[in-house]
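Colleague: I'd love a close look at one spot where two helices pack together. Could you walk me through it, and then place it in the wider chain?

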Amino acid sequence: MSKILKGTMILTGATFLSKFLGMIYTVPFEQMVGPEGMELYFYAYTPYNILLSLSTLGVPMAVSKFVSKYNSLEDYQTGRDMFKAGMQLMGITGIITFLILFLSAEPIAQFSLSNEDTNASLEDTAMVIRMVAFALLIIPSMSIIRGFFQGNESMAPTGISQVIEQIVRIIFLLVSVYLVLYVFEGSIPTAIGYSTFAAFIGGIASLLVLIVFWKKRKPYLDRQLENQEYSYDLSKKSMFKELISYAGPFVLVGIATPLYQLIDQFTFNKAMATAGLGSISGASLSAIHVLSHKLVIIPVTLGIGLSLALLPAITKSFTKNNMNQLNHQINQALQIVALLIIPAVTGLAVLAYEAYGSFYGVENVDYYGSLLRWYAPVGLLFATYTVSAAILQGINRQNFALVSLGAGLFIKLVTNSLFIISFGAKGSIISTGLAVLVALSLNLWRINRGIRFSYKPVFKRTLLILILTAIMTFTVWIVKFGFGLVWNPLDDRLASLFILMISAGLGGLLYLWMAYQTTLLERILGGRVRVLDKFLKRR
């Protein structure tokens, strides 16, 4: 199995589990805090995610690329020196961004809220923003350790620490919210404050896991240093100059989704009020960017995992000028995205009402389910954009990511309020989809121009994937329609869950069987899929 595929499986599996847990906990969480709490939660996390990326300055992913490059040149000392210097830098930027978010909580809250028709108060919003700010003190240093391990093509530390971080965060979040609301009979804003502080607790747990991995792997890493014959002996100034050239675009790529959400945070409520929909503005915003996003992010995790695993391998091939291997790696990455994410987001769109009803209840599911249906396809764009940005960085065209993201943000800024006023809440989703599509198209164009990469193999496989997805979608719709005749999922949460499980299960098995029979799985994922021979006999 190729290192890309192996690394992808480790990181995607861990990220999937982490995001799946992040989706599941919203069910009891939403039941406890309601729309008012979910709205507050969104207002806190969007600026936090942006400042988190700024606090790391893109350094963790840049360190991954930096270490991979010098490891391929058999200079392990330079990578180690960068790791030490990067840790010092992350400690400083973490403190600075913590102070920025903590002290600017009230102005951010003022920008986020409209003058009327919102359940969130200025003081409550500012308080939850301050609570989440504490995580910035620890997560930047933690993330650079992950970047160092990834640069050494060791994906397990990142994967395991992600899962432990999420588990500890969710336990603290749910227990603290339950205690505040049901034991001490506190307020919802206080409960949300503790739920955002859970990010800090999860970060501590993840850091402890990474320290254990470091102690375990350090003897092997030290032996690499002892056997090293030559070092480029870069000065700290030269290392940081090279690192920053990598890191700048990483910052913007890392905050692409939060930036789109920030535009919504500052414009959504006002545009909805202008459209006469201010009374449902806060609930709609949390339904899109918290509840629906938790569902859509599940298929997007593949793109995230793939981009993390992809970067060191592509950097190594590009550094060694191995263009045949480089083209094969890029082809494989894009085809894996198409193979798994196209049917996933299509299935989620078809079963949007059942999915939303199963996780969040059937109250107003006809409205919120429609928002999820519109939002699901955007997941494919986000995932492919993430992978395309990683490819650009791997082939040293990372600066173009600034151009593509800038174009996407411009489209979002220009169209967002206009679309919301014209189409209601789903106008925000349409605006985001259009913006990400523009950014993705520009990235794919630059990859083609940068290394003369041909998309013909990707297009051919994607055509077959679309045909199989269409057959799967029709089957899922028939099954869903049949059960819906006798059991209405819009009125019964149990009906939603039953129809979701049966329809999604049958659709997934059918797609897997068709992809196997047509040898599509083997051509994209390699010979390891032959383990399915005992289960799926090929004609």
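**Where α4 meets α5**

Modeller: Helices α4 and α5 are oblique to each other, because their packing angle falls outside the ranges for roughly parallel, roughly antiparallel and roughly perpendicular. Please keep in mind that this is a predicted model. In general, a pair of packed helices is described by the angle between the axes and the distance between them. Here the angle is about 55 degrees, and the axes lie 4 Å apart. Helix α4 covers residues 76–103, while α5 covers residues 105–112.

Now for the residues that touch. On the α4 side they are L101, F102 and L103; on the α5 side they are A105, P107 and I108. Sorted by class, this contact has six nonpolar residues and neither polar nor charged ones.

Go to the other side of α4 and you come to E74, in the loop between α3 (59–72) and α4. Most residues other than glycine have a negative phi. E74 is not a glycine, yet its phi is positive, at about 60 degrees. With a relative accessible area of 55%, E74 is exposed, because the cut-off for that class is over 50%. A second residue with a positive phi is N396, another non-glycine, with a value near 65 degrees. N396 sits in the loop between α15 (365–394) and α16 (400–423), and its relative accessibility of 41% makes it partly exposed.

For a contrast with those loops, look at H289 in helix α12 (residues 281–319). H289 is buried, at 7% relative accessibility. Its side chain makes a polar contact of 2.7 Å with the side chain of D264. Setting aside neighbours within four places in sequence, H289 is in contact with F42, Q261, D264, Y375 and S428.

Another residue to find is L340, in helix α13 (residues 323–350). L340 is partly exposed, with 42% relative accessible area. Its C-alpha atom is 9.1 Å from that of I465, although 125 residues separate the two along the chain.

Stepping back, the protein chain has 20 helices and zero strands. It has 539 residues, of which 56% count as buried. Among contacts between residues at least 6 apart in sequence, 82% join residues at least 24 apart. The accessible surface of the chain comes to about 22,500 Å², and carbon and sulfur atoms account for 65% of that.

How values were computed
Residues numbered from 1 in each chain as written. Predicted model: local features only at pLDDT ≥ 70, side-chain atom pairs only at ≥ 80, totals over all residues. Heavy atoms only, no water. Axes fitted to C-alpha atoms, helices over the stretch in contact; angles between N-to-C directions. Helix = DSSP H or I, 4+ residues; strand = E, 2+ residues; numbered from the N terminus. Parallel < 35°, antiparallel > 145°, perpendicular 65-115°, else oblique. Contact = heavy atoms within 4.5 Å. Nonpolar A, V, L, I, M, F, W, Y, C, P; charged D, E, K, R; others polar. Buried < 20%, exposed > 50% of the residue type's maximum accessible area, 1.4 Å probe, protein only. Areas by Shrake-Rupley, 256 points an atom, 1.4 Å probe, with all protein chains shown as cover. Polar contact = N/O pair within 3.5 Å; in protein donor to acceptor, adjacent residues only side chain to side chain.
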